[in-house]
Amino acid sequence: MELDLFKLSVDERVHDPAVPVGVFAEITKEMLTEEGCHALHEVSLQFPIQDAERVQYPDYLEHPLPLLSTRLKLLVEKFCPRMKFFAVRLLDLRRKHSQTYWLMIPPRVGCLSAESEFRPDGALRRLVVEGEQLNSWMLFQVAGIAETQILVHLALAESLLRRDFDGIRLTRVERAGTGSSEAVYGS
């Protein structure tokens, strides 16, 4: 039986999300893998945020890294007890405020279907996944693409929607051979 998968992203109604700057001066792409994340213990995980007139702190920040609020992290931990998390401090220098988020290191799963479509520059245009093993993952990152695509299992998606999380969008992901489906859910 194939279950639904959903892409986790920031709801488009969040107009001014906090954006950490200088992240990749401290963190390399290799550190964002299960094999290389131990090196994150050696770097400063405090980042100023981009200066803005208004700043919102939704429960999920997508760029430049997947960051979870503490509340969201606690829920994800229940579904993914072996997931690795690292505390990240976001500093709003203008307002003299700091906010703790959690960097997650999701497993990367090779599930990209040949039906996926790419733009001429190599950017993903349409994500299509395949593989029976996908039903055993509650939350994972799609391997083999430049973009960070975090997918969640139906059970976790339902749990997210039952709670009052702020600024989370879930979009159903197309599975190979099933045709397009564009169900979107937000909070």
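**Reading the model by questions**

User: Is arginine 108 buried, exposed or partly exposed, and what is its relative accessible area?
Analyst: Arginine 108 falls in the middle class, where buried means under 20% relative accessible area, exposed over 50%, and partly exposed in between (1.4 Å probe, protein chains only). This is a predicted model, in which local features need pLDDT of at least 70 and side-chain atom pairs count only at pLDDT 80 or more, while totals for chains, interfaces and linings use all residues. Residues are numbered from 1 along each chain as its sequence is written, and side-chain values use heavy atoms, with hydrogens and water left out. Arginine 108 is therefore partly exposed, at 40%.

User: Which backbone oxygen does the side chain of arginine 108 reach?
Analyst: Arginine 108 sits in strand E7 (residues 108–109); helices (H or I, at least four residues) and strands (E, at least two) are DSSP runs, numbered from the N terminus. Leaving out residues up to four places away in sequence, arginine 108 touches Lys29, Leu32, Thr33, Glu34, Gln141 and Ala143, where contact means heavy atoms within 4.5 Å. At 3.2 Å, its side chain reaches the backbone oxygen of leucine 32.

User: Which residues have the most contacts inside the largest nonpolar core?
Analyst: A nonpolar core is a set of buried Ala, Val, Leu, Ile, Met, Phe, Trp, Tyr and Cys residues joined through side-chain atoms within 4.5 Å. The largest one has 23 residues, and the elements that each supply at least two of them include strand E1 (5–10), helix H2 (70–79) and strand E6 (97–105). A second, separate core of 20 residues includes Ile27, Met31, Leu40 and Tyr101. In the largest core, the residues with the most contacts are Tyr60 and Leu139.

User: Why do the buried residues of H2 lie on the same side of H2, and what arc do they cover?
Analyst: The buried residues of H2 are Leu72, Lys73, Leu75 and Val76. An α-helix has 3.6 residues a turn, so residues three or four places apart point the same way. The arc is that of the directions from the helix axis to the C-beta atoms. The buried residues are on the same side of H2 because they cover an arc of only 165°.

User: How many disulfides does the structure have?
Analyst: A disulfide is a pair of cysteine sulfur atoms within 2.5 Å. Cysteine 80 is buried at 10% relative accessibility, and its sulfur is 15 Å from the closest cysteine sulfur, in cysteine 37, too far for a bond. Cysteine 111 is buried too, at 1%, and its nearest cysteine sulfur, that of cysteine 80, is 15 Å away. For the whole structure, the number of disulfides is zero.

User: Which side chain makes a polar contact with the side chain of aspartate 11?
Analyst: Aspartate 11 lies in the loop between E1 and helix H1 (23–26) and is buried, with a relative accessible area of 3%. A polar contact is a pair of N or O atoms within 3.5 Å; within protein, one must be able to donate a hydrogen and the other to accept it, and residues adjacent in sequence count only if both atoms are side-chain atoms. At 2.6 Å, the partner of aspartate 11 is arginine 13.

User: What is the phi of lysine 96?
Analyst: Lysine 96 is in the loop between strand E5 (84–92) and E6, and counts as exposed at 78% relative accessibility. Its phi is positive, in a residue other than glycine, and is near 55°.
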